[in-house]
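These are my notes from a reading of one structure. I set down what I looked up, entry by entry.

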Amino acid sequence: MDCVSTVPKTSGVYALIFRLDAPLELRVGRLGRRTLPAGHLLYVGSAFGPGGLRARLARHLRAQKRIHWHIDALTSVLSPVACLCDASGRRLECSWAQRLAHLPDAFIPIPGFGSSDCRSGCAAHLIAFPPDSAPDLDAELNPSLILTCHEYTRSNRNRSCSWGIASPKSGSQ
Ligand SMILES: [Zn+2]
């Protein structure tokens, strides 16, 4: 089964959505041992290399990998529940991170997480929302593709999931 076969191989940006039912302690590279809060976490990244969005998301969904980026520490132990993508090739990464960070209830759990190379002044590319918060991400980011992991499992080992296009959009509104 291929979780990401519906994802285009084009360049673009994405926001991985994670749900944490309890705080999670992680070792995050040079940032050291940190604790992520319960609730929803959104990680914004970009994929402008070979294989584009599909290759990058496939990597994020794989538990076994060499830890390279901050986000690898999280995706090694937790699968995202959904992913929003923009496949237009525009470099929206920092725009998305800052839009999310300015939503009501949003907060930065680990300053500097995922933003080591950021030149736009983002506090981090990982944004957290409390468990009872339900931001309208679709309206805020207007993604071109929304992928939902229908058979999401909390088990670290069981990565069987199927992605579907929940709300495809094309072009401008
Ligand atoms: Zn940024």
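**Entry 1: Two loop residues with positive phi**

I located N142 in the loop that links α4 (137-141) to β7 (145-149). I bore in mind that the model is predicted. I then read the backbone angle of N142 and found a positive phi of about 50 degrees, although N142 is not a glycine. Is N142 buried, partly exposed or exposed? I recorded N142 as partly exposed, because 13 other C-beta atoms lie within 10 Å, while the class of buried residues begins at 20.

I looked up D105 next, another residue other than glycine with a positive phi, here near 75 degrees. D105 sits in the loop between α3 (93-101) and β6 (126-129). D105 has 13 C-beta neighbours inside 10 Å and therefore counts as partly exposed.

**Entry 2: G112**

I stayed in the loop between α3 and β6, where G112 is also placed. I counted 18 other C-beta atoms within 10 Å of G112, so I entered G112 as partly exposed. Which residues does G112 touch, if those up to four places away in sequence are left out? I noted L31 and A124. The pair of G112 and L31 is separated by 81 residues in sequence, yet their C-alpha atoms are 8.1 Å apart in space.

**Entry 3: The hairpin**

I turned to strands β2 (residues 24-28) and β3 (residues 32-36), which run antiparallel and are joined by five bridges. I checked R27 and found that R33 in β3 is its bridge partner. Three residues lie between the strands of this hairpin, and G29 there takes a positive phi near 45 degrees.

**Entry 4: The whole chain**

I listed four helices and eight strands in the protein chain. Along the sequence, I read their order as β-β-β-β-α-α-β-α-β-α-β-β. Of the 173 residues, 34% count as buried. I also looked at contacts between residues at least 6 apart in sequence, and 69% of them join residues at least 24 apart.

**Entry 5: The core**

How many residues does the largest nonpolar core have? I found 42, and those with the most contacts inside it are Y14, A15, L42, C83 and C85. Strand β1 (residues 12-20) gives the largest share of this core, with six residues. I followed A15 outward: leaving aside residues up to four places away in sequence, A15 touches L42, Y43, V44, C83, L84, W96 and L141.

**Entry 6: Helix α1**

I examined helix α1 (residues 52-61) and marked L53, R56, L57 and H60 as buried. Why do I place them on the same side of α1? They cover an arc of only 95 degrees around the axis, and therefore share that side. I recalled that an α-helix has 3.6 residues a turn, so residues three or four places apart point the same way. I then asked what the buried residues of α1 pack against, and wrote down β1, β4 (39-47), α2 (70-75) and β5 (82-86).

**Entry 7: Confidence**

I closed with the pLDDT values. The mean for the protein chain is 83, and 83% of its residues reach 70 or more. Over residues 150-173 the pLDDT is below 50, and I noted that this stretch has 37 contacts in the model beyond near neighbours in sequence.

Key
Residues numbered from 1 in each chain as written. Predicted model: local features only at pLDDT ≥ 70, side-chain atom pairs only at ≥ 80, totals over all residues. Core = buried A, V, L, I, M, F, W, Y, C linked by C-beta atoms within 7 Å. Buried ≥ 20, exposed ≤ 12 C-beta atoms within 10 Å, placed from the backbone. Contact = placed C-beta atoms within 7 Å. Pairing = 2+ DSSP bridges. pLDDT = per-residue confidence, 0-100. Arc of directions from axis to C-beta.
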